[in-house]
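Visitor: Please pick one part of this surface and look at it closely. After that, show me how it compares with parts that are covered up.

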Amino acid sequence: TTNLSCFVRHENALKTRPGIKMRRNISTICFSPRHRMSSSTIRAAQRRKSVLLSFRSKQRRFLSSSKFITAKQSEPPFPVRAALVSSVTAICTPTFPAIGFVNLSLRLFLTEPTLRAKVSVWIGSICSIAFYTILPYSYEYAPLILPFAIGNGLCAGAAYSALNGLEKIYLKKKLTQSWLIAGGGIGALTGLLAPPYLYGPIYSGLYGIEGVSSSIYQCFWYCPLLAQTSVATGFAAGLAMYPMLYYPINGIPGRDWKGFSGILLLATGGILYKLYSTDDNSSIAPTGGYVNPKDVPLINSIVRYKAGDRGEFGTYSVTANAWLGPACLKQEGETISAAVREYQKPYMWSSEQKHTFDRQILSFLYEYIDASIAERNPENVVVVEEEKALQKLQLTMLKTDCIVAILLSKEQGNSFLDSIPEKMKVYGTNIQPREIRYIQSASLGVKVLMAHHLGHVKKGTSLAKKEDKQQLENWIQRRLPGILLYKSHESEGLRGQSVESQLEEKQWKPSLIGWSEWRALRKEESRQIIANAIFLISGALVTGIFLSGHV
């Protein structure tokens, strides 16, 4: 820096001397007859000039390098600018009802001479209703106006794109930096085109509501006050959003657009998702008409005994066909199911049952706008089984799981069955001790049947005839009604839960068991039946003799 400043001072001094003509090569000064310079002074001047030239060349390389932020690099590319316009317009859409209410109120006041004098009195009330009542509810019920936000964003983005192309191709002027054109003009155009041409088709496409397009179109064009209010609201909203979008669109000089506009674009995407997605805290759906998707598996859940973990009960979802977790989740599912059943009860004057959805917006539209929306969105309808049917299914699966647990246990003791009646009573299922005895005795027949059915047939275990197999199946079904023996018995919500499927999953291999043992068990059962019959007949004879003696 010191060398450069000395050279500049020396060069300026030479310029002030008369008769000296400056040339590119400073060494020509020594040939002047009036001014003689020493060779050392000339060499020093040449060195200083070479330093200056080197500095200027480095400066040019730095300015042309990619690290230097030029004005062109601070402005984001066109797709980013158009996306920012669309996303910010969609975020600000819930404010449009409040602006429209103020606009409509002022129009009514200004057109009536009697009310015009009271504008100063009522303006505070109008703004209070608009920004303290309408605006909060607009953001709370934002998912309902999601199609409006999409339409406004698409229209605003398309208008900005057309304006940007127009100024680059034809006008060569910065129209996008004019607050009247880029702000109010785009907003007014959005208010004019989006409601009649975009709101209805988008609403029908997202939620399947019929007749929305024609209704909005007719209301907009056949009601001049509505169209005028929409255009004026768009103009006012565009003017308000223009300062918000000025720097994100045009960029900040000296700052790369990725560090400012790019981050803002990502932030607007997150805000849009949070704003227009129906979360747990939203209350736009009636009670019982909506079930959160993560809670849907808890509906139609039952308590089952885990065959692989002795003594442990868990919650199984018939809806999701999967285990959910500990048995305490069943109570949470019962609470949700009770609210849904209460909501689905038909009215006194109607026999049609109502529907529950796993999307809040569909539940709201079904309740208040279009009752046929359930037919067009069957995948979102939540079905709740009757409580008695779930209790019966829970008892059936308890028998199935206990049989599997007995067959998987290596030791012969089945003491875990003794505690089951008391535990199941907590979960709403009453099981008698007699049924526990039936489970214990039927396990031997199931073992013989599954060994033959799964191909684990060893010497002395094969069934002699088909009649023997059918007889064994009938005997098991009489003792354990409803038990799921085979895969063919599995219903939609119980895939892979039969005795056959669970044994295959656990790679069960039976120990040696003889067909004669089951026949001995059958003979013992027959003797017990005969003994019970003799006892009943004897009791009947004694009672008859006693009664005849009194007569």
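**A nonpolar patch, and parts that are covered**

Guide: Helix α9 contributes the most to the nonpolar patch, with four residues. Keep in mind throughout that the model is predicted. The patch is formed at the surface by L189, L192, L193, Y197, Y217, W221 and Y222, and their accessible area comes to about 680 Å² together. Helix α9 covers residues 179–207 and helix α10 covers 212–221, and each of these two helices supplies at least two residues of the patch. Y222 belongs to neither helix, as it lies in the loop between α10 and α11, the latter being residues 224–250. Is Y222 buried or exposed? Its relative accessibility is 67%, and since a residue counts as exposed over 50%, Y222 is exposed.

Some figures for the whole chain give the background. The chain has 551 residues, and 40% of them count as buried. Its accessible surface is about 31,700 Å², with 60% of that belonging to carbon and sulfur atoms. The secondary structure consists of 21 helices and five strands. Among contacts in the chain with a separation of 6 or more, 69% are between residues 24 or more positions apart.

Now for a covered residue. N164 sits in helix α8, residues 146–171. Its relative accessible area is 6%, and because buried means under 20%, N164 counts as buried. Leaving out residues up to four places away in sequence, N164 touches F78, R81 and T176.

A covered strand makes the other half of the comparison. Strand β2 is residues 313–317, and five of its five residues are buried, so β2 is largely enclosed by the rest of the structure. In a regular strand, side chains alternate between the two faces of the sheet. In β2, F313, T315 and S317 point one way, while G314 and Y316 point the other way, and all are buried.

Which strands pair with β2? One is β1, residues 301–305, which runs antiparallel to β2 and is joined to it by five bridges. R304 has G314 of β2 as its bridge partner. The other is β3, residues 322–326, paired with β2 in the antiparallel sense over four bridges. Here S317 is partnered by A322 of β3. The hairpin of β2 and β3 has four residues between the strands, and N321 takes a positive phi near 55° in it.

Put in order, the strands form an open sheet of three, β1-β2-β3, with antiparallel pairing. Why is one side of β1 and of β3 left without a neighbour in the sheet? Both stand at the edges and each has a single partner strand, so one side of each has no neighbour there. From one strand to the next, the twist averages 40°.

Back at the pairing of β1 and β2, S301 stands opposite S317 of β2. Helix α16, residues 387–408, packs on this sheet and touches β1 and β2, and its direction makes about 20° with that of β1.

To set the two kinds of place side by side: Y222 of the patch counts as exposed, whereas N164 is buried and so are the five residues of β2.

Conventions: Residues are numbered from 1 along each chain as its sequence is written. This is a predicted model: local features need pLDDT of at least 70, side-chain atom pairs count only at pLDDT 80 or more; totals for chains, interfaces and linings use all residues. Side-chain values use heavy atoms; hydrogens and water are left out. Buried means under 20% relative accessible area, exposed over 50%, partly exposed in between (1.4 Å probe, protein chains only). Contact means heavy atoms within 4.5 Å. Accessible areas come from the Shrake-Rupley method with a 1.4 Å probe; for residues, only the protein chains shown count as cover. Patches are made of residues with over 30% relative accessible area and no salt bridge: like charges are joined within 9 Å, nonpolar side chains (Val, Leu, Ile, Met, Phe, Trp, Tyr) within 5 Å. A salt bridge is a side-chain nitrogen of Lys or Arg within 4 Å of a carboxyl oxygen of Asp or Glu. Two strands pair if DSSP finds at least two bridges between them. Axes are lines fitted to C-alpha atoms, for helices over the stretch in contact, and angles run from 0 to 180 degrees between N-to-C directions.
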